[in-house]
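Work through the exercises below with the model open. Each gives a task, then a solution in steps.

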Amino acid sequence: MKSATAFRTISEVSTDLNVPQHVLRFWESKFPQIRPLKRGGGRRYYRPEDVELLRRIQALLYEERYTIKGVQRLLKEGRTADPTPPLPEDAEDEDTPPAGPALEEQADLSEPAGLPGDLRHELTMVLDELKSLRGVLSRLSGQFGRKGG
């Protein structure tokens with residue numbers, strides 16, 4: 001077993017966090033705070049602080065249901081120590097989804113008829129992921145060029 005201060009490979013981190021390697025690489029593209037050491041052949045070695053940050057990002061995205069943009073905002077503001085997002089001060093209803101600041105980004109989905117807040121939040125998360133993936137695909141198609149078929 002490795003020491004707590006040892007660097008970890010992407011395979012080790014992927015197994016430890018139970019997240020696919022491509023997700024870790026995607027998070028690297030979205031969160032500049034994650035800076036693994038890269039060796040020959042592009043092999044990644046994550047520092048212990050990188051692993052802790054990835055664990056925090058995972059919790060914010062999967063457990064607390066923040067969007068990518070919401071987590072980016074929290075990291076930028078340095079507000080990642082408290083795992084519980086604050087409820088809005090005017091929240092009187094116990095059914096308010098615990099999404100915290102990420103709800104501010106949902107103006108375009110704010111009041112579709114018949115959609116409860118938690119479903120709106122889920123749809124917004126999916127939309128954010130699709131937009132991010134479209135950007136990745138766009139960069140890749142520009143990098144490798146398109147071949148006609």
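Helices and strands here are DSSP runs, numbered from the N terminus; a helix has at least four residues and a strand at least two. The model is a predicted one.

**Exercise 1. Lay out the fold.**
Task: state how many helices and strands the protein chain has, and their order.

Solution.
- Step 1. Count the elements. The protein chain has five helices and three strands.
- Step 2. Read them from the N terminus on. The order is β-α-α-β-β-α-α-α.
- Step 3. Look at burial. The protein chain has 149 residues, and 32% of them count as buried.
- Step 4. Look at the surface. About 10000 Å² is exposed, with 53% of it supplied by carbon and sulfur atoms.
- Step 5. Look at sequence range. Take the contacts with a separation of 6 or more: residues 24 or more positions apart account for 50% of them.

**Exercise 2. Place P36.**
Task: find where P36 sits, decide whether P36 is buried or exposed, and list its contacts beyond the sequence neighbours.

Solution.
- Step 1. Locate the residue. P36 belongs to the loop between α2 (21-30) and β2 (37-38).
- Step 2. Apply the cut-off. Buried means under 20% relative accessible area. P36 has 11% relative accessibility, so P36 counts as buried.
- Step 3. Set aside neighbours within four places in sequence. P36 is then in contact with E28, R44, Y45, Y46, R47 and D50.
- Step 4. Check a C-alpha pair. P36 and I10 are 26 residues apart in sequence, and their C-alpha atoms are 9.1 Å apart in space.

**Exercise 3. Find the buried sides of two helices.**
Task: name the buried residues of α1 (10-17) and of α4, and say why each set lies on one side of its helix.

Solution.
- Step 1. Start with α1. Its buried residues are I10, V13, S14 and L17.
- Step 2. Use the arc. These residues cover only 100 degrees around the axis, so they lie on the same side of α1.
- Step 3. Find the packing partners. The buried residues of α1 pack against β1 (8-9), α2, β3 (44-46) and α3.
- Step 4. Go to α4, residues 68-77. Buried here are I68, G70, V71, L74 and L75.
- Step 5. Use the arc again. It spans only 160 degrees around the axis, so this set is also on the same side of α4.

**Exercise 4. Check the positive phi values.**
Task: inspect N18, R65 and G78, and give the phi of each.

Solution.
- Step 1. Take N18. Its phi is positive, about 55 degrees, although N18 is not a glycine.
- Step 2. Place N18. It comes just after α1, in the loop between α1 and α2.
- Step 3. Judge its exposure. With a relative accessible area of 69%, N18 is exposed.
- Step 4. Take R65. This residue other than glycine has a positive phi near 65 degrees.
- Step 5. Place R65. It is in the loop between α3 and α4, and is partly exposed at a relative accessible area of 30%.
- Step 6. Take G78. Just after α4, G78 has a positive phi of about 75 degrees.

**Exercise 5. Describe the two largest pockets.**
Task: give the volume of the largest pocket and of the second largest pocket, then the make-up of each lining.

Solution.
- Step 1. Size the largest pocket. Its volume is about 350 Å³.
- Step 2. Find its centre. The lining has 16 residues, and the closest to the centre are V23, F26, W27, E129 and L133.
- Step 3. Assign the elements. α2, α3 (48-63) and α5 (117-144) each give at least two lining residues. The largest share, six residues, comes from α5.
- Step 4. Sort this lining. Eleven residues are nonpolar, two polar and three charged.
- Step 5. Size the second largest pocket. Its volume is about 240 Å³.
- Step 6. List its lining: M1, K2, A4, A6, R8, E12, V13, D16, P48, V51 and E52. α1 and α3 are the elements that give two or more of the residues.
- Step 7. Sort this lining too. Six residues are nonpolar, none polar and five charged.

**Exercise 6. Examine Q58.**
Task: state which helix holds Q58, whether Q58 is buried or exposed, and what Q58 touches.

Solution.
- Step 1. Locate the residue. Q58 is in helix α3.
- Step 2. Read the accessibility. Q58 has a relative accessible area of 16%, so Q58 is buried.
- Step 3. Leave aside neighbours within four places in sequence. Q58 is in contact with L17, V19, W27 and E63.
- Step 4. Link back. L17 is one of the buried residues of α1, and W27 is among the residues closest to the centre of the largest pocket.

Key:
Residues are numbered from 1 along each chain as its sequence is written. This is a predicted model: local features need pLDDT of at least 70, side-chain atom pairs count only at pLDDT 80 or more; totals for chains, interfaces and linings use all residues. Side-chain values use heavy atoms; hydrogens and water are left out. Buried means under 20% relative accessible area, exposed over 50%, partly exposed in between (1.4 Å probe, protein chains only). Contact means heavy atoms within 4.5 Å. On a 1 Å grid over the protein atoms alone, a cavity is a set of points where a 1.4 Å probe fits but cannot get out, and a pocket is an open set with protein on both sides within 12 Å along at least five of seven lines; lining residues have an atom within 4 Å of a point. Grid points are joined across faces, edges and corners, and a volume is the space filled by probe spheres set on the points. Ala, Val, Leu, Ile, Met, Phe, Trp, Tyr, Cys and Pro count as nonpolar, Asp, Glu, Lys and Arg as charged, and the others, Gly among them, as polar. The arc is that of the directions from the helix axis to the C-beta atoms. Accessible areas come from the Shrake-Rupley method with a 1.4 Å probe; for residues, only the protein chains shown count as cover.
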